[in-house]
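Trainee: I'd like a close look at one part of this model, taken slowly. Could you walk me through a single helix and its surroundings?

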Amino acid sequence: MSDLVLTTFDWVPAPPRGFVRDIRVRWALEEAGLPYRVESVPFGERNAAHLAHQPFGQVPWLTDGDLSLFESGAILLHLGEQYTALMPGDPHARGAALEWLFAALNSVEMASLPWAILKFSGGAEDGPAWKTLDDFLTLRLQRMEPVLTDRDWLAGPFSVADILMVDVLRLVDRFDGLATYPACRDYVARATARPAFTKAHADQMAHFAAAD
Ligand SMILES: N[C@@H](CCC(=O)N[C@@H](CS)C(=O)NCC(=O)O)C(=O)O
């Protein structure tokens, strides 16, 4: 195992705290019991060194020895490939974890993020654009609900697919968007009760609070 260093912002305003995507990486590292360090880049300035690691000037990225990886999905896939606590070894379960990892990022987050951004910004929720976004998310949640009714975790055992799907869904839950989807809500509650999530969340909150 190499030296693992997770980089996030030095500070963010209060609203996104607890939801900054470094939590996905923290959570995975905690689930696998891997030691890691956290480093910070300025929130207020995206310099060339930052862009060299994350070309969009975003966070997080993870360095694993001399390997530097951006995109939370790629980072979790990288960790999942090495640790069975994060990705099952059985080929069928592993295939399911891969499917759901991409489904979380490409099918559900694609619908949930524009919806959540509008909620965050306090944007108008009565115009045609809002209805389009709300309907798009509804289609995804209506499909997730029966999936999560008959299983605890997406791929059998808990995996990185759950970390990503839960992180995507809990942002919807933050704005009460899961009110009519009890299986989705229970799934988020079940996952966020895990000690690894609790620690990851507390550590992220403490990290940003330390810079206030
Ligand atoms: N697809 C990227 C998204 C990363 C992302 O949106 N990061 C946010 C923090 S949660 C960020 O850096 N926002 C600042 C910005 O976009 O300038 C991932 O999953 O890693």
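What covers the buried residues of α8?

Mentor: Quick housekeeping before the helix. This is a predicted model, where local features need pLDDT of at least 70, side-chain atom pairs count only at pLDDT 80 or more, and totals for chains, interfaces and linings use all residues. Residues are numbered from 1 along each chain as its sequence is written.

Now to your question: the cover over the buried residues of α8 includes β1 (4-9), α1 (22-31), β2 (37-41) and α7 (182-192). Cover here goes by contact, meaning C-beta atoms, placed from the backbone, within 7 Å of each other. The element names come from DSSP runs numbered from the N terminus: helices are H or I with at least four residues, strands are E with at least two.

Helix α8 itself takes in residues 195-209. With 15 residues at 1.5 Å each, α8 should span 21 Å, and its end C-alpha atoms are indeed 21 Å apart, so the two agree. (The expected span is 1.5 Å times one less than the number of residues.)

Which residues of α8 are buried? They are F197, A200, Q204, H207 and F208. Those residues cover an arc of only 95° around the axis, which means they sit on the same side of α8; the arc is taken from the directions from the helix axis to the C-beta atoms. Flip to the other side of α8 and you find P195, A202, A206 and A209 exposed. For the cut-offs, buried means 20 or more other C-beta atoms within 10 Å of a residue's own, exposed means 12 or fewer, and partly exposed is in between, with C-beta atoms placed from the backbone.

Compare that with α6 (residues 160-174), where 13 of the 15 residues are buried. D176 follows α6 and has a positive phi, near 65°.

Zooming out, the domain assignment, automatic or from a database, gives domain 1 (4-85 + 196-209) and domain 2 (91-193). The C-alpha centres of the two domains lie 21 Å apart. Twelve residues of domain 1 are in contact with twelve of domain 2. On the domain 1 side of that contact, α1 and α3 (72-80) are the elements giving two or more residues, and α3 has the largest share, with five. By class, the domain 1 side has nine nonpolar residues, two polar and one charged. Nonpolar covers Ala, Val, Leu, Ile, Met, Phe, Trp, Tyr, Cys and Pro; charged covers Asp, Glu, Lys and Arg; the others, Gly among them, are polar.

Definitions and conventions
Two residues are in contact if their C-beta atoms, placed from the backbone, lie within 7 Å.
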